[in-house]
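Student: Please show me the model, and then we can go through the metal sites, the strands, the core and the rings.

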Amino acid sequence: MGFQGIKLKGEEEIKLIKKSSLLVGKTLAEVARYIKPGITTLELDRIAEEYIRDHDAIPGFKGYEGFPGTLCVSVNEQVVHGIPGKRVLKEGDIVSIDCGVIQNGFYGDSAYTFAVGEVSDRKIALMKRTKESLYKGIEMAVAGKRVGDIGYAVQHHVEQSGYSIVRDLVGHGIGKHLHEKPEIPNYGKRGSGMKLIEGMTICIEPMINMGTRVVVMEKDGWTIRTADKKPSAHFEHAVVIRKEKIEILSTFEYIEEVLNN
Ligand code: MG
Ligand code: MG
């Protein structure tokens, strides 16, 4: 079934996207065990790749448009698409980890921002607000609402605190492809944009900056960082559009079990 170029999913397909998305959540939880001062971002990437392959799945980002990693690992002022490498995490960093897998032909995609050791209150507040804004957006992800309702909800929550929203990168549909239509911006006007239809599967992923919303690409051709080098946070869930009901397909449950222990 299709609608304006959007692939609407049936229950079997939704089940498979959920399965892949849960594996992403478990992979991020496995990675979370190792997030400590002294580890390199490449070591985290290896842990994720091994975990995904051990669970009969394939890293979804590796090779995607030539991306070399299993994870996107973005530290402090890096917003998204950081390439895993020699960078060593240090006390006080925040690190955004985005992960995708393919299993049974369907993608899962989710992201979480972690504190490395003791982190400043300002960074904690940024992470907290970003995660909250994701859930504000998700509250609007029901049939009959519009894409602009999601963006508005995220934007309203974030801008109240004086943070800014990255506009150059957006959320997306998900399914047999990592990035499907429609685009899901993290800003917008209430009641505007495409109507949300039952069976749409989308990723909502606010990228929130402490300072300017302007971002630049680093010389590696992938990493997006804030222009003012102030920190940024990123959280992402995959959700399915239902009638009168919110349903999140990915989960932070496994991650937060690790973090709270
Ligand atoms: Mg992602
Ligand atoms: Mg995504």
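Student: How are the donor residues of the magnesium ion (ligand 2) spaced in sequence?

Tutor: This is a predicted model, in which local features need pLDDT of at least 70, side-chain atom pairs count only at pLDDT 80 or more, and totals for chains, interfaces and linings use all residues. Residues are numbered from 1 along each chain as its sequence is written, chains are lettered from A and ligands numbered from 1 in the order in which they are written, and side-chain values use heavy atoms, with hydrogens and water left out. Donors are N, O and S atoms within 2.8 Å of the metal (3.2 Å for Na, K and Ca), and sites may look incomplete because water is not among the atoms. For the magnesium ion (ligand 2) the donor spacing reads D-x62-H-x32-E-x30-E.

Student: Which residues coordinate the magnesium ion (ligand 2), and how far apart in sequence are Glu205 and Glu236?

Tutor: Asp109 (OD), His172 (NE2), Glu205 (OE) and Glu236 (OE) coordinate the magnesium ion (ligand 2) at 2.1 to 2.3 Å. Strands (E, at least two residues) and helices (H or I, at least four) are DSSP runs numbered from the N terminus. Glu205 sits in the loop between β11 (201-204) and β12 (207-209) and Glu236 in the loop between β15 (232-234) and β16 (237-241), so the pair ties together parts whose separation in sequence is 31 residues.

Student: Which residue coordinates both magnesium ions?

Tutor: The magnesium ion (ligand 1) is coordinated by Asp98 (OD), Asp98 (OD), Asp109 (OD) and Glu236 (OE), at 2.0 to 2.5 Å. The magnesium ion (ligand 1) and the magnesium ion (ligand 2) are 3.1 Å apart, and the residue that coordinates both is Asp109.

Student: Is strand β4 largely enclosed or open, and which residue in β6 stands opposite Val73?

Tutor: Buried means under 20% relative accessible area, exposed over 50% and partly exposed in between (1.4 Å probe, protein chains only). Five of the five residues of β4 (residues 71-75) are buried, so β4 is largely enclosed by the rest of the structure. Five bridges join β4 to the antiparallel strand β6 (residues 94-103), where strands pair if DSSP finds at least two bridges between them. Opposite Val73 in β6 stands Ile97.

Student: Which helix gives the largest share of the largest nonpolar core?

Tutor: A nonpolar core is a set of buried Ala, Val, Leu, Ile, Met, Phe, Trp, Tyr and Cys residues joined through side-chain atoms within 4.5 Å. The largest has 54 residues, and those with the most contacts inside it are Ile35, Val95, Ile97 and Ile204. Its largest share, six residues, comes from helix α1 (residues 11-32).

Student: How far from Cys72 is the nearest cysteine sulfur?

Tutor: A disulfide is a pair of cysteine sulfur atoms within 2.5 Å, and the count comes to zero disulfides. Cys72 is buried at 5% relative accessibility. The nearest cysteine sulfur to that of Cys72 belongs to Cys99, at 9.1 Å.

Student: How are the rings of Phe67 and Trp222 arranged?

Tutor: Rings of Phe, Tyr and Trp (its six-membered ring) pair if their centres lie within 6.5 Å; planes under 30 degrees apart count as stacked, over 60 as edge-to-face and the rest as tilted. Phe67 is buried, with a relative accessible area of 3%, whereas Trp222 is partly exposed at 21%. Their ring centres are 5.0 Å apart and their planes at 85 degrees, so the pair is edge-to-face.
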